[in-house]
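Subject: Structure for your review

Dear colleague,

Please find below the structure that I would like to hand over to you. I would be grateful if you could read the notes that follow alongside it.

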Amino acid sequence: MTTSVTKLQENYNQQGFLSALPVLNGAELREARQAFSELEKEFEEYTQYSLHNVHLYPWVMGLSKHPRILEVVKAILGPDVILLDSRFICKYPTLKAANIQEKEENKADESKLPYVAWHQDMYWGIAGGPVLSVWLALDDSLKENGALQVIPSHCSGMLLHRQAVRPGNMLSVNQEIPEELVQVEEAVLCLLSAGQMSIHDGLLVQASDANTSQKRRCGFVIRYFPTCASLTEDPDRPRKFHATMLVSGTDQFNHFS
Ligand SMILES: O=C(O)CCC(=O)C(=O)O
(Lines give C-alpha, C1' and ligand atoms only; values in the text may rest on other atoms or scores of the structure.)
Protein backbone atom coordinates (compact mmCIF):
# COMPACT_ATOMS: atom_id res chain seq x y z
CA MET A 1 0.00 0.00 0.00
CA THR A 2 1.43 3.44 -0.89
CA THR A 3 2.16 6.07 1.77
CA SER A 4 -0.51 8.32 0.36
CA VAL A 5 -3.16 5.60 0.72
CA THR A 6 -2.00 4.94 4.30
CA LYS A 7 -2.38 8.67 5.01
CA LEU A 8 -5.89 8.65 3.52
CA GLN A 9 -6.75 5.69 5.72
CA GLU A 10 -5.52 7.52 8.84
CA ASN A 11 -7.48 10.66 8.00
CA TYR A 12 -10.62 8.65 7.24
CA ASN A 13 -10.37 6.79 10.53
CA GLN A 14 -10.04 10.11 12.38
CA GLN A 15 -12.77 12.16 10.74
CA GLY A 16 -15.07 9.66 9.04
CA PHE A 17 -14.79 11.20 5.59
CA LEU A 18 -12.38 12.32 2.87
CA SER A 19 -13.07 14.86 0.18
CA ALA A 20 -11.76 16.05 -3.20
CA LEU A 21 -10.07 12.78 -4.18
CA PRO A 22 -9.40 12.71 -7.94
CA VAL A 23 -11.05 9.81 -9.82
CA LEU A 24 -12.08 10.48 -13.43
CA ASN A 25 -9.81 11.99 -16.05
CA GLY A 26 -11.21 14.41 -18.63
CA ALA A 27 -12.17 11.74 -21.18
CA GLU A 28 -13.78 9.49 -18.55
CA LEU A 29 -15.77 12.41 -17.18
CA ARG A 30 -17.01 13.43 -20.64
CA GLU A 31 -18.09 9.85 -21.34
CA ALA A 32 -19.88 9.51 -18.01
CA ARG A 33 -21.70 12.81 -18.46
CA GLN A 34 -22.73 11.87 -21.99
CA ALA A 35 -24.03 8.48 -20.83
CA PHE A 36 -25.86 10.12 -17.92
CA SER A 37 -27.61 12.53 -20.28
CA GLU A 38 -28.99 9.50 -22.16
CA LEU A 39 -30.29 8.17 -18.86
CA GLU A 40 -31.87 11.54 -18.11
CA LYS A 41 -33.77 11.39 -21.40
CA GLU A 42 -34.97 7.88 -20.58
CA PHE A 43 -36.05 8.44 -16.99
CA GLU A 44 -36.71 12.20 -16.77
CA GLU A 45 -37.54 13.13 -13.18
CA TYR A 46 -36.36 9.81 -11.73
CA THR A 47 -32.75 10.80 -12.18
CA GLN A 48 -33.37 13.21 -9.33
CA TYR A 49 -33.12 10.50 -6.70
CA SER A 50 -35.07 7.31 -7.15
CA LEU A 51 -32.99 5.72 -9.85
CA HIS A 52 -31.56 2.87 -7.78
CA ASN A 53 -29.11 0.14 -8.68
CA VAL A 54 -27.84 2.03 -11.66
CA HIS A 55 -24.68 -0.10 -11.54
CA LEU A 56 -26.65 -2.68 -13.54
CA TYR A 57 -25.85 -0.48 -16.55
CA PRO A 58 -22.42 -1.63 -17.76
CA TRP A 59 -21.03 1.92 -18.03
CA VAL A 60 -22.11 2.63 -14.45
CA MET A 61 -20.61 -0.66 -13.29
CA GLY A 62 -17.37 0.57 -14.85
CA LEU A 63 -17.55 3.66 -12.63
CA SER A 64 -18.38 1.54 -9.55
CA LYS A 65 -15.28 -0.56 -10.16
CA HIS A 66 -13.04 2.30 -11.17
CA PRO A 67 -9.50 1.41 -9.97
CA ARG A 68 -9.08 4.74 -8.17
CA ILE A 69 -12.33 4.21 -6.27
CA LEU A 70 -11.64 0.59 -5.39
CA GLU A 71 -8.09 1.36 -4.26
CA VAL A 72 -9.40 3.70 -1.58
CA VAL A 73 -12.42 1.54 -0.72
CA LYS A 74 -10.24 -1.55 -0.23
CA ALA A 75 -7.74 0.38 1.88
CA ILE A 76 -10.58 1.14 4.27
CA LEU A 77 -12.85 -1.91 4.09
CA GLY A 78 -10.27 -4.59 3.30
CA PRO A 79 -9.95 -6.72 0.15
CA ASP A 80 -13.40 -8.38 0.12
CA VAL A 81 -15.99 -5.80 -0.84
CA ILE A 82 -19.66 -5.88 -1.77
CA LEU A 83 -21.44 -3.13 -3.62
CA LEU A 84 -24.71 -2.71 -1.75
CA ASP A 85 -26.55 -0.11 -3.76
CA SER A 86 -25.95 2.80 -6.12
CA ARG A 87 -27.91 5.77 -7.37
CA PHE A 88 -27.62 9.09 -9.08
CA ILE A 89 -28.66 12.06 -7.01
CA CYS A 90 -29.23 15.13 -9.05
CA LYS A 91 -30.42 18.54 -7.99
CA TYR A 92 -31.51 20.51 -11.01
CA PRO A 93 -31.55 24.30 -11.14
CA THR A 94 -35.08 25.22 -10.26
CA LEU A 95 -35.05 28.98 -9.86
CA LYS A 96 -35.51 31.09 -12.95
CA ALA A 97 -32.77 33.63 -13.55
CA ALA A 98 -35.22 36.55 -13.45
CA ASN A 99 -36.47 35.45 -10.06
CA ILE A 100 -33.01 35.11 -8.58
CA GLN A 101 -32.69 38.90 -8.67
CA GLU A 102 -35.81 39.12 -6.59
CA LYS A 103 -34.51 37.19 -3.62
CA GLU A 104 -37.27 38.18 -1.25
CA GLU A 105 -39.93 36.91 -3.62
CA ASN A 106 -38.08 33.62 -3.84
CA LYS A 107 -37.82 32.93 -0.13
CA ALA A 108 -41.05 30.97 0.04
CA ASP A 109 -40.15 28.90 -3.04
CA GLU A 110 -36.66 28.12 -1.78
CA SER A 111 -38.09 26.51 1.30
CA LYS A 112 -39.79 23.91 -0.95
CA LEU A 113 -36.80 23.05 -3.13
CA PRO A 114 -35.33 19.54 -2.96
CA TYR A 115 -32.72 19.13 -0.22
CA VAL A 116 -31.32 16.25 1.80
CA ALA A 117 -32.16 16.20 5.52
CA TRP A 118 -29.61 15.31 8.22
CA HIS A 119 -29.25 11.54 8.31
CA GLN A 120 -26.88 8.59 8.63
CA ASP A 121 -26.60 5.95 5.89
CA MET A 122 -26.55 3.19 8.53
CA TYR A 123 -30.26 3.99 9.02
CA TRP A 124 -30.84 0.95 6.82
CA GLY A 125 -29.55 -1.41 9.49
CA ILE A 126 -26.24 -3.06 8.77
CA ALA A 127 -24.56 -5.38 11.25
CA GLY A 128 -21.09 -6.88 11.48
CA GLY A 129 -19.19 -4.23 9.56
CA PRO A 130 -19.06 -0.61 8.38
CA VAL A 131 -20.65 0.93 5.30
CA LEU A 132 -18.69 3.31 3.14
CA SER A 133 -20.41 5.65 0.70
CA VAL A 134 -18.67 7.13 -2.30
CA TRP A 135 -20.03 10.38 -3.73
CA LEU A 136 -18.61 10.82 -7.21
CA ALA A 137 -19.22 14.24 -8.75
CA LEU A 138 -20.40 14.38 -12.38
CA ASP A 139 -20.82 18.15 -11.98
CA ASP A 140 -18.92 20.59 -9.80
CA SER A 141 -20.50 20.33 -6.37
CA LEU A 142 -20.46 23.72 -4.68
CA LYS A 143 -22.12 25.52 -1.80
CA GLU A 144 -24.62 27.24 -4.12
CA ASN A 145 -25.77 24.08 -5.90
CA GLY A 146 -26.15 22.14 -2.66
CA ALA A 147 -22.91 20.22 -2.02
CA LEU A 148 -22.89 17.42 0.53
CA GLN A 149 -22.18 18.51 4.11
CA VAL A 150 -20.89 16.24 6.86
CA ILE A 151 -20.33 16.50 10.60
CA PRO A 152 -16.82 15.10 11.06
CA SER A 153 -17.33 12.68 13.95
CA HIS A 154 -18.63 9.25 13.10
CA CYS A 155 -18.29 7.50 16.44
CA SER A 156 -21.49 8.69 18.03
CA GLY A 157 -23.51 5.57 17.06
CA MET A 158 -26.93 5.73 15.46
CA LEU A 159 -28.99 8.81 16.23
CA LEU A 160 -32.75 9.02 16.34
CA HIS A 161 -34.41 9.48 12.94
CA ARG A 162 -37.99 10.68 12.46
CA GLN A 163 -40.17 11.83 9.55
CA ALA A 164 -38.82 15.09 8.14
CA VAL A 165 -40.84 18.15 8.97
CA ARG A 166 -39.82 20.38 6.05
CA PRO A 167 -41.13 19.40 2.58
CA GLY A 168 -38.65 18.59 -0.20
CA ASN A 169 -36.49 15.98 1.57
CA MET A 170 -34.98 13.77 -1.16
CA LEU A 171 -34.39 10.77 1.10
CA SER A 172 -36.33 7.63 0.21
CA VAL A 173 -38.55 7.41 3.27
CA ASN A 174 -38.37 11.08 4.25
CA GLN A 175 -36.20 10.33 7.29
CA GLU A 176 -34.30 12.99 9.22
CA ILE A 177 -32.32 13.45 12.41
CA PRO A 178 -33.92 16.31 14.38
CA GLU A 179 -31.71 19.38 14.10
CA GLU A 180 -31.32 19.69 17.88
CA LEU A 181 -29.32 16.42 17.80
CA VAL A 182 -26.94 17.71 15.13
CA GLN A 183 -23.95 20.02 15.72
CA VAL A 184 -24.79 21.98 12.61
CA GLU A 185 -22.11 24.61 13.33
CA GLU A 186 -19.46 21.90 12.82
CA ALA A 187 -20.67 20.96 9.35
CA VAL A 188 -18.02 20.76 6.63
CA LEU A 189 -18.92 21.17 2.95
CA CYS A 190 -17.48 18.49 0.64
CA LEU A 191 -16.67 20.77 -2.27
CA LEU A 192 -15.85 18.76 -5.38
CA SER A 193 -14.83 19.45 -8.93
CA ALA A 194 -16.51 17.19 -11.49
CA GLY A 195 -14.57 13.91 -11.60
CA GLN A 196 -13.58 14.01 -7.90
CA MET A 197 -15.15 12.01 -5.10
CA SER A 198 -15.76 12.30 -1.40
CA ILE A 199 -16.23 9.20 0.74
CA HIS A 200 -17.96 8.91 4.09
CA ASP A 201 -18.64 6.39 6.81
CA GLY A 202 -22.19 5.08 7.25
CA LEU A 203 -22.42 6.60 10.73
CA LEU A 204 -21.39 10.07 9.63
CA VAL A 205 -24.19 12.63 9.94
CA GLN A 206 -24.75 14.32 6.58
CA ALA A 207 -27.15 16.50 4.65
CA SER A 208 -27.25 18.95 1.78
CA ASP A 209 -29.03 22.19 1.06
CA ALA A 210 -31.19 23.04 -1.92
CA ASN A 211 -29.68 24.03 -5.24
CA THR A 212 -30.32 27.76 -5.47
CA SER A 213 -27.98 28.26 -8.41
CA GLN A 214 -28.33 27.85 -12.15
CA LYS A 215 -25.96 24.87 -12.19
CA ARG A 216 -27.04 21.24 -12.02
CA ARG A 217 -25.48 19.19 -9.21
CA CYS A 218 -25.23 15.54 -10.16
CA GLY A 219 -23.48 12.93 -8.04
CA PHE A 220 -23.21 9.17 -8.26
CA VAL A 221 -23.55 7.59 -4.82
CA ILE A 222 -22.20 4.07 -4.35
CA ARG A 223 -22.38 2.14 -1.08
CA TYR A 224 -19.85 -0.55 -0.31
CA PHE A 225 -19.36 -2.80 2.64
CA PRO A 226 -17.12 -5.72 3.61
CA THR A 227 -18.40 -9.23 2.93
CA CYS A 228 -18.54 -9.94 6.70
CA ALA A 229 -21.40 -7.41 7.12
CA SER A 230 -25.09 -8.19 6.72
CA LEU A 231 -28.42 -6.40 6.75
CA THR A 232 -30.54 -6.39 9.89
CA GLU A 233 -34.27 -7.00 9.50
CA ASP A 234 -36.50 -4.20 10.74
CA PRO A 235 -40.20 -4.26 9.82
CA ASP A 236 -40.35 -0.48 10.29
CA ARG A 237 -37.67 0.03 7.67
CA PRO A 238 -38.34 -2.63 5.06
CA ARG A 239 -35.77 -2.32 2.33
CA LYS A 240 -34.56 -4.73 -0.30
CA PHE A 241 -31.19 -4.55 -2.00
CA HIS A 242 -31.77 -6.39 -5.25
CA ALA A 243 -28.48 -5.91 -6.96
CA THR A 244 -25.73 -6.40 -4.39
CA MET A 245 -22.55 -7.53 -6.07
CA LEU A 246 -19.07 -8.65 -5.10
CA VAL A 247 -16.73 -6.07 -6.60
CA SER A 248 -13.45 -7.16 -5.05
CA GLY A 249 -11.91 -10.28 -3.50
CA THR A 250 -13.90 -13.31 -2.38
CA ASP A 251 -17.02 -13.77 -0.27
CA GLN A 252 -16.73 -16.48 2.37
CA PHE A 253 -19.86 -15.30 4.21
CA ASN A 254 -22.47 -15.45 1.46
CA HIS A 255 -24.85 -13.10 3.28
CA PHE A 256 -26.15 -11.89 -0.05
CA SER A 257 -26.19 -14.91 -2.27
O1 LIG B 1 -26.22 14.00 -2.45
C2 LIG B 1 -26.58 14.41 -1.36
O3 LIG B 1 -26.78 15.59 -1.19
C4 LIG B 1 -26.80 13.46 -0.22
C5 LIG B 1 -26.18 12.15 -0.47
C6 LIG B 1 -26.55 11.15 0.55
O7 LIG B 1 -27.49 11.26 1.24
C8 LIG B 1 -25.72 9.97 0.69
O9 LIG B 1 -24.66 9.89 0.10
O10 LIG B 1 -26.14 9.10 1.45
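The notes below describe the ligand shell, the two sheets, a helix and a loop residue.

Please bear in mind that this is a predicted model, in which local features need pLDDT of at least 70 and side-chain atom pairs count only at pLDDT 80 or more, while totals for chains, interfaces and linings use all residues. Residues are numbered from 1 along each chain as its sequence is written. Helices (H or I, at least four residues) and strands (E, at least two) are DSSP runs, numbered from the N terminus.

The ligand

The shell around the ligand consists of I89, V116, D121, S133, W135, L148, Q206, S208, G219 and V221; a residue is near a molecule if its C-beta atom, placed from the backbone, lies within 6 Å of it. By class, 5 of these residues are nonpolar, 4 are polar and 1 is charged. For this count Ala, Val, Leu, Ile, Met, Phe, Trp, Tyr, Cys and Pro are nonpolar, Asp, Glu, Lys and Arg are charged, and the others, Gly among them, are polar. Strand 5 (132-137), strand 11 (205-208) and strand 12 (217-226) each contribute at least two residues to the shell.

The sheet of 6 strands

One open sheet has 6 strands in the order 1-10-5-12-2-14, with antiparallel pairing; two strands pair if DSSP finds at least two bridges between them. Strand 1 (17-22) and strand 14 (245-248) are at the edges with a single partner strand each, so one side of each lacks a neighbour in the sheet. From one strand to the next, the twist averages 30 degrees; axes are lines fitted to C-alpha atoms, for helices over the stretch in contact, and angles run from 0 to 180 degrees between N-to-C directions. Strand 5 and strand 12 are joined by 6 bridges in the antiparallel sense, and W135 stands opposite V221 in strand 12.

Helix 4 (residues 67-77) packs on this sheet and touches strand 1, strand 2 (81-91), strand 5, strand 10 (196-201), strand 12 and strand 14. Contact requires C-beta atoms, placed from the backbone, within 7 Å. The direction of helix 4 makes about 160 degrees with that of strand 5. Its buried residues are I69, V72, V73 and L77; a residue is buried if 20 or more other C-beta atoms lie within 10 Å of its own, exposed if 12 or fewer, and partly exposed in between, with C-beta atoms placed from the backbone. Seen down the axis of helix 4, these residues fall within an arc of 115 degrees, so they line one face of the helix; the arc is that of the directions from the helix axis to the C-beta atoms. G78, with a positive phi near 95 degrees, follows helix 4.

The sheet of 4 strands

A second open sheet has 4 strands in the order 3-11-6-9, again with antiparallel pairing. Strand 3 and strand 9 are its edge strands, each pairing on one side only. Strand 11 pairs with strand 3 (residues 116-119) over 2 bridges and with strand 6 (residues 148-151) over 4 bridges. S208 in strand 11 stands opposite V116 and is the bridge partner of L148. Both faces of strand 11 are covered, with V205 and A207 buried on one side and Q206 and S208 on the other.

A loop residue

G195 lies in the loop between strand 9 (188-189) and strand 10. It counts as buried because it has 20 C-beta neighbours inside 10 Å. Beyond four places away in sequence, G195 touches P22, V23, L24, L29 and A137. G195 and L29 are 166 residues apart in sequence and 5.9 Å apart in space, C-alpha to C-alpha.

With kind regards

Key:
Two residues are in contact if their C-beta atoms, placed from the backbone, lie within 7 Å.
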